[in-house]
Amino acid sequence: MSDSQLEREVARRRTFAIISHPDAGKTTLTEKLLLYGGAIHLAGSVKARRARRHATSDWMEIEKERGISVTSSVLQFNYRDHAVNLLDTPGHQDFSEDTYRTLTAADSAVMLIDAARGVEPQTIKLFKVCRMRRIPIFTFVNKLDRYGRAPLDLMDELEKVLGIRAWPMNWPIGMGPEFRGVYDRRLRVVHVFSAEGRHGESEVAERSLPIDSEEIKTVLTDAELRQLKEDIELLDVGGDEFTLEKCAAGQISPMFFGSAMTNFGVRPFFDVFLELAPSPTPRALYGGGKREPTTPKFSGFVFKIQANMDPAHRDRIAFLRIVSGRYTKGMSAYHSRLGKEVRLANPSQFMAAERTSIEDAWPGDVIGLFDPGQYRIGDTLTEGERIEFEGVPRFSPEHFAIVRAKDPLRRKQMEKGLQQLAEEGTIQVFQQLSMGMKDPIVGVVGALQFEVLQYRVQAEYGAHIVLDRLPFQLARWVVGPHDPKSFDWEGNRQTVTDRDGKPLVLFRDEWALNHAQEKYPELRFLAEAPQQHPLDRAG
Ligand code: G4P
């Protein structure tokens, strides 16, 4: 391999995730990106596809029953010169820690907003994780084919609710049935879409004309043109300069308008997104320093583990994000935590649910490794180097329950099941500290994970479990000079320990957290588990 090949492959890659609230149109937009990328030829209606998915996806009954995807997959496709990795995050309102964790493998995010609904609760949560990870966030305002809120209003909301300034890269012409096109502010060009084929099965026809051209008057009415010019003037006067640095630093979010359903604005968005979004970025190493993607030696980290995708095989798949170098089929790698060489068996790359074997992969790509139980989230694989990437954090769960085996004789099986699901990162298991309280507490990010937990422990370990929900909403790891075990149980909080014996306090709500913070100003209450060197991890 020549280094220039590595550089080329890195430069053309874009690895990102779409963050949104359910129903904003993520499935629809994803499908349209695949359509424009040539990965599919005709976009079906979301409904038809859902019906098909019921028929084909059978790895977990819950998935079928609910008609939602419980786990996330990675879509890889080419778009013009780019290799695109779209990390699909579970988007149902009962989302999980996986949704958050997937963002640690992304180099940028697209925040999808329903024009009528604006910023919604799940968008806010995911936005905060992107902020913590310091990745650039692009905004796509969807459903312009319906009447929604005024674009200026939405810009305002982003600033007020999320604290990020939106910088419109394009501006919509009309809304609802009068949504005609978008104006590209950098090129000063109007893209007008053809009203034919509005159901969006195939790419929409469009014409691009400079705003100052004579011809523009033949496609836009005087009123449309006047309104557009007024809007632009307002933006130009009021807004600050767009720079890539501000975008990369997460200070401004490039904003786009369109309709994933009719395809209006999808191409103008994706072209500019791919131009501005970063190629695979360097990753921080434990103990300091960074690993550049163009370093010839292969390295990567496991950000997600999924078990039993195929009920016929009861296998586990570890998802590895490549950080540097080149992966080639059949290679071995050094497993830093285990301190030994492992063969990267049966790697597959994911196109929707179909797994295909791959020959090689590059930084930014995600490969699925067959896992006989040797990987954990956060593990680093290298080409013989003793380095570790900074761990994939554990995020604060938001729902808690005490868990018991219905039949006390099946307690061992239950514990095995809990351990398995904790290793996959589906749940977090905590130990109670109060005297005589032996049953573990399980914490999850989305309440659906409780059902997943019950279903899987029963189906895979033969233990029927009972969950007693607890009235807590927040968990905070506690760092500070004194032992949080001395905290008393005051009804609105409880002290527990995590798998590494680190203390956490569970709080009933924000108010209880603020109260504790005021009472113990010398303590820090962290929403992410404090970093620990993977080699020091217990168990
Ligand atoms: P999600 O993955 O974010 O949950 O959203 P999904 O794509 O499933 O879209 C949710 C609903 O919104 C779907 O309607 C979809 O057709 C619709 N939708 C998505 N993009 C657009 C858009 O640009 N314009 C309009 N008007 N609708 C859009 P559905 O579930 O079929 O319900 P319904 O349309 O029958 O009410």
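This report walks through the nonpolar cores, aromatic pairs, charges over rings and salt bridges of the structure above.

The model is predicted, so to speak of local features here takes pLDDT of at least 70, and side-chain atom pairs count only at pLDDT 80 or more, while totals for chains, interfaces and linings use all residues. Residues are numbered from 1 along each chain as its sequence is written, and side-chain values use heavy atoms, with hydrogens and water left out.

**Cores**

A nonpolar core here is a set of buried Ala, Val, Leu, Ile, Met, Phe, Trp, Tyr and Cys residues joined through side-chain atoms within 4.5 Å. Buried means under 20% relative accessible area, exposed over 50%, and partly exposed in between (1.4 Å probe, protein chains only). The largest such core has 110 residues, and Phe 270 and Leu 344 have the most contacts inside it. Helix H11 (residues 266-276) gives the largest share, 7 residues; helices (H or I, at least four residues) and strands (E, at least two) are DSSP runs, numbered from the N terminus. This core lies between domain 1 (20-66 + 110-276) and domain 2 (283-382), because both give residues to it. Those domain bounds come from an automatic or database domain assignment.

Leaving aside residues up to four places away in sequence, Leu 344 touches Phe 298, Tyr 327, Met 331, Ser 332, Ala 333, Leu 369, Tyr 375 and Leu 381, where contact means heavy atoms within 4.5 Å. Another core, of 16 residues, lies apart from the largest one, with Val 403, Leu 418, Leu 453 and Leu 467 among them.

**Rings**

Rings of Phe, Tyr and Trp (its six-membered ring) pair if their centres lie within 6.5 Å; planes under 30 degrees apart count as stacked, over 60 as edge-to-face and the rest as tilted. That rule gives 20 aromatic pairs. Phe 16 and Phe 273 make an edge-to-face pair, because their ring centres are 4.7 Å apart and their planes at 65°. Phe 16 sits in strand S1 (residues 13-20) and Phe 273 in helix H11, so to speak distant parts of the chain, 257 residues apart. Both Phe 16 and Phe 273 are buried.

Phe 273 also pairs with Phe 270: centres 6.1 Å apart and planes at 10°, so this pair is stacked. The two are 3 residues apart in helix H11, or about one helical turn. Phe 270 is buried at 1% relative accessibility. One aromatic cluster takes in Phe 16, Phe 77, Tyr 79, Phe 138, Phe 140, Phe 256, Phe 269, Phe 270 and Phe 273.

Charges turn up over rings too (NZ of Lys or CZ of Arg within 6 Å of the ring centre and within 35 degrees of the ring normal). Arg 185 lies over the face of Trp 167, 4.2 Å from the ring centre, and the charged end of Lys 304 is over Phe 319, 5.2 Å from its centre.

**Salt bridges**

With a salt bridge taken as a side-chain nitrogen of Lys or Arg within 4 Å of a carboxyl oxygen of Asp or Glu, the structure holds 30. Here are some of them.

| Acid | Base | N to O distance |
|---|---|---|
| Glu 528 | Arg 133 | 3.2 Å |
| Glu 215 | Arg 207 | 2.8 Å |
| Asp 379 | Arg 337 | 2.8 Å |

Glu 528 is buried at 18%, whereas Arg 133 is partly exposed at 26%. Both Arg 337 and Asp 379 are buried. Shared partners join Glu 9, Arg 12, Arg 13 and Asp 365 into one salt-bridge network.
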